[in-house]
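Reader: I should be grateful for a close look at a single part of this structure, set in the context of the chain around it.

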Amino acid sequence: MLTPKQAILLQFITDYTNVHGAAPSYDEMREAIGLKSKSGIHKLMNSLIERGFIEQIPNKARALRVVKNLPGVIDDQRVDYENGGARSIPMYGKIAAGTPILAMNDTHATLDIFGLGRGDYYALTVSGDSMIEAGIFDGDTVVIEHTNNFLRSDVIVCLVDDAEVTLKYVQKQGDRVVLVPANREYQPRILDSRRVQFQGKVVQLIRHF
């Protein structure tokens, strides 16, 4: 998962390169994401390069190539730079990453998130430790994209029996669904597919220190 600043910088570089045919300068990057010094841009760029999002082309000035983009932020899905690159999305209650809890409460709280496209998103707070091997810990905030299109590697919000919400990997086996934790201390749950509704997939994670 990328930090908000990393996400908005990556999308700015992608958009700028598509329009101008070359990467932006460090000063243009600094202005786009509101940093005061270029040293902050250097740190963000190094992190994007190390994580395989951006590649430097040797022996060329301002030569960068975007190797991979953010989930849900591609082509016509643009970041709103004039508003600081943030979108305001609903912030609901807790979601279980362990023993399932009651369905999330609808609240009027919102959260400003960077790096999102034009899809439908909401945020939840994680309760439990069953997804720790996926890097999702108790107290984290996860940003969810409403979608029914997902891969086995995606972390999915599952509504069970219209009453329980849980965060798991999902495997389909005929008319059954397997909810798979990312913690060896927990066992998978095998349920009739009619008992489970998919509420979206995790596209960002926010950790509070």
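Which residue follows H2, and what is the sign of its phi? Please then describe in detail strand E12 and its surroundings.

Author: The model is predicted. Helix H2 is followed by Gly34, and the phi of Gly34 is positive, near 75 degrees. H2 itself spans residues 26-33, and its buried residues are Met29, Arg30 and Ile33. These three residues lie on the same side of H2, because the arc they cover around the axis is only 100 degrees.

As to the setting, the chain has 209 residues, of which 44% count as buried. Its secondary structure consists of three helices and twelve strands. Of the contacts between residues at least 6 apart in sequence, 60% join residues at least 24 apart. The chain exposes about 11500 Å², and carbon and sulfur atoms supply 48% of that area.

Strand E12 covers residues 196-206. Ten of its eleven residues are buried, so the strand is largely enclosed by the rest of the structure. The cut-off behind this statement is a relative accessible area under 20%.

Two of the strands that pair with E12 may be taken in turn. Strand E7, residues 141-145, pairs with E12 in the antiparallel sense over five bridges. Within this pairing, Thr141 has Ile206 of E12 as its bridge partner. Strand E8, residues 156-160, also runs antiparallel to E12 and is joined to it by five bridges. Here Val160 stands opposite Val196 of E12.

E12 also takes part in an aromatic pair, through Phe198. The structure holds two such pairs. In one of them, the ring centres of Tyr92 and Tyr122 are 5.4 Å apart and the planes stand at 50 degrees, so this pair is tilted. Tyr92 belongs to strand E3 (residues 86-96) and Tyr122 to strand E6 (residues 121-127), so the pair ties together parts that are 30 residues apart in sequence. Tyr92 counts as partly exposed, at 23% relative accessibility, whereas Tyr122 is buried, with a relative accessible area of 1%.

The other pair brings the account back to E12. The rings of Phe150 and Phe198 have centres 5.1 Å apart and planes at 70 degrees, so the pair is edge-to-face. Phe150 lies in the loop between E7 and E8, while Phe198 lies in E12; the two are 48 residues apart, and the pair links distant parts of the chain. E12 is thus described by its antiparallel pairing with E7, by its antiparallel pairing with E8, and by the contribution of Phe198 to a pair with Phe150 of the loop between those two strands.

Notes
Residues are numbered from 1 along each chain as its sequence is written. This is a predicted model: local features need pLDDT of at least 70, side-chain atom pairs count only at pLDDT 80 or more; totals for chains, interfaces and linings use all residues. Side-chain values use heavy atoms; hydrogens and water are left out. Helices (H or I, at least four residues) and strands (E, at least two) are DSSP runs, numbered from the N terminus. Buried means under 20% relative accessible area, exposed over 50%, partly exposed in between (1.4 Å probe, protein chains only). Contact means heavy atoms within 4.5 Å. Accessible areas come from the Shrake-Rupley method with a 1.4 Å probe; for residues, only the protein chains shown count as cover. Two strands pair if DSSP finds at least two bridges between them. The arc is that of the directions from the helix axis to the C-beta atoms. Rings of Phe, Tyr and Trp (its six-membered ring) pair if their centres lie within 6.5 Å; planes under 30 degrees apart count as stacked, over 60 as edge-to-face and the rest as tilted.
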